[in-house]
Every structure is written in structure tokens, then in C-alpha cells.
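Please look over the chain below and follow how its interior is put together. The report starts with a single residue and works outward.

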Amino acid sequence: MLHHGDCLKVLPTLPEGSVDLVVTSPPYNLGINYRSFDDTAGRAEFLEWCNAWATEVKRVLADDGSFFLNVGAAPANPLMPHQIVLALTDGPNALFTLQNTFHWIKSITVETRGGEQISAGHFKPINSQRFVNDCHEYVFHLTKTGNVKLDRRGAGVPYQDKSNIARWGHTGGIDKRCRGNTWFIPYDTIMSREKERPHPASFPIALVEQCIRLHGKGAETRLLDPFLGIGSSAVAAKRQGVKEFTGIELDDYYLSVAKERLEAPAERELF
């Protein structure tokens, strides 16, 4: 179910407790050039707006649900992600509990045991004498109680050292461990943003898929994205066999792209 409209108007029409997983990435208030949204509000106004839509997210979220909130920053405005999560989790009127904090790594360089340096991923380079390139964003895992169970192995990875499978009793002989809170998920390489990824701040499909796996309800997941954009979360739901998905998008063009992506055969998906 894809809705065209303002999430502050559409969310109140959804039944209470009707979704058990929310994965979204709202505007960051960093002056990004969206088609239908002014991303330059004052700080207090922006946080008040976040509180308004998050209040509705809490209402529609089941008591054992998870809310994965992707928020990025700018080098000159590094506190914004933390100010958003504090606005939603701190004080007597807190909406959520911060249960986990994940770091979405877009680009990284690692040194192998043999001394080789390998760089992988993509980042937006900046020309600055003060700041380094920003190669990661936050994914805050918010819940109503802080006690929501997750399928850690469902989103896990094989052991690097296989001897650990037998050494540690908690493995149960299974070659899969918790991935942890550092997720390296690069964007797919594209040739043209206008033709292949026509949105200034989309996230990868794989990021949403990771949240679906971690949530652990598989096809029975009821997934919501109140800031759908060009539909990465909807495509992730389709790939994961999720039966019930709700997306809300303000911009009619972004919504049309989302619909095209959903209708395209899997072998034609480019982004």
C-alpha cells in the first residue's frame, strides 16, 4: 500500500498498533535539495516536526515492534543525529527507548593480515582544510520498552575463525554469529543519478533488508516507511517476501519512481 501525501496527514489514518517494523530515513535538515520539501527549517522547528511524526509512528507501532531510524550528519553540523534521537528518547515525555545504535559504513579501508590495504564502497568527497570525508551514517534502533527481542543470527555472518564454532557453547554448532553494530553496506555503482537513482538522499535496499532480517518475523512482517522516497524499503520488502508494506511519500515524482521499481523484474533492478 503506497500513499501519496504528507506523513503527518496519512499516519493518523492508520490503525493503532498496525505495524511491527518501521524503517525510514527522514529529511536531515541539512539543506538537501528535495523536490517537494524545504530542508532548511530552524533547529527547534525541525525537532518539533520530528517529534510530531514520531508520535504517530509510536501509535501505529506494535508494543514489540522496532523502529530503525537512519539519520546522517554534515561535518559542519555533526550533532544533528544525536539531537534528533535525544528529542525522541530523553526526558519525561520520551517517545522511545534507544535499544541499539548501528553505524552504516558506506566506505572503508581495511588492512589484511598480509598487509594489503583494500578500499571498498562509495562516499561523497568534500574539499576542506578542516574536515575529513564523512563515510558513515547512524541507524538508531528505537523501541517502546528497550526489551524487544531480535534475531541476531538472522542478520548474522559466518565465523572468520571456524574453530570458534566448537569452542563457544552458545553457537550450538552453527556457523553464524551476530554481525554487531557496524554494517558495511555500500551503494551500488550507477552511471547516472538522474536515470538510475533520482533522489538526493536514498538509502540502499540492503540496509532495509538487514533490518527486516534482524527483526526476525520474515514474511509476516508488517513494514512501514513514512518517508518512502524512491522506494528502497518497498523493494527490500518485496525481495524479503514481506506480505504487508505501507509507504508514504510527499513527492509525486519520487512515488512514481518507487512504483516503477516495484513493478520491474528483479533482473532489471539497477539500484
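Serine 18 is buried, because its relative accessible area is 14%, below the 20% cut-off for that class. This value, like every other here, comes from a predicted model. Serine 18 sits in the loop that links H1 and E2. Beyond its neighbours within four places in sequence, serine 18 contacts Val60, Arg222 and Glu244.

Val60 turns up again in the surroundings of leucine 224. Setting aside residues up to four places away in sequence, leucine 224 touches Leu11, Leu14, Val19, Leu21, Val22, Val23, Val60, Thr246 and Ile248.

**The nonpolar cores**

Leucine 224 is one of the residues that touch the most other members of the largest nonpolar core. The others in that group are Trp53, Phe67, Leu69, Ile84, Phe96 and Leu142. This core has 31 residues. Several elements each give it two or more residues; they are tabulated here.

| Element | Residue range |
|---|---|
| Helix H1 | residues 7-10 |
| Strand E2 | residues 19-24 |
| Helix H2 | residues 43-60 |
| Strand E3 | residues 61-71 |
| Helix H3 | residues 80-89 |
| Strand E7 | residues 136-143 |

Which element gives the most to this core? H2 does, with 8 residues. A second core is separate from it and has 27 residues. Among its members are Val23, Ile185, Ala236 and Ala258. Val23 is also among the residues touched by leucine 224.

**How H2 meets H3**

A pair of packed helices is described by the angle between their axes and the distance between the axes. For H2 and H3, the angle is about 50° and the axes are 10 Å apart. Angles from 65 to 115 degrees count as roughly perpendicular, and those under 35 as roughly parallel. H2 and H3 are therefore oblique to each other. Their crossing is right-handed. On the H2 side, the contact is made by Arg43, Phe46, Leu47, Cys50, Asn51 and Ala54. On the H3 side, Met80, Gln83, Ile84, Ala87 and Leu88 take part. Ile84 of H3 is thus listed both in this contact and among the residues that touch the most other members of the largest core.

**The whole chain**

The protein chain holds 8 helices and 10 strands. It has 271 residues, and 44% of them count as buried. Of its contacts with a separation of 6 or more, 72% join residues 24 or more positions apart. The chain exposes about 14100 Å². Carbon and sulfur atoms supply 50% of that area.

Terms used: Residues numbered from 1 in each chain as written. Predicted model: local features only at pLDDT ≥ 70, side-chain atom pairs only at ≥ 80, totals over all residues. Heavy atoms only, no water. Core = buried A, V, L, I, M, F, W, Y, C linked by side-chain atoms within 4.5 Å. Buried < 20%, exposed > 50% of the residue type's maximum accessible area, 1.4 Å probe, protein only. Helix = DSSP H or I, 4+ residues; strand = E, 2+ residues; numbered from the N terminus. Contact = heavy atoms within 4.5 Å. Areas by Shrake-Rupley, 256 points an atom, 1.4 Å probe, with all protein chains shown as cover. Axes fitted to C-alpha atoms, helices over the stretch in contact; angles between N-to-C directions. Parallel < 35°, antiparallel > 145°, perpendicular 65-115°, else oblique. Left-handed = near helix turned anticlockwise from the far one by under 90°.
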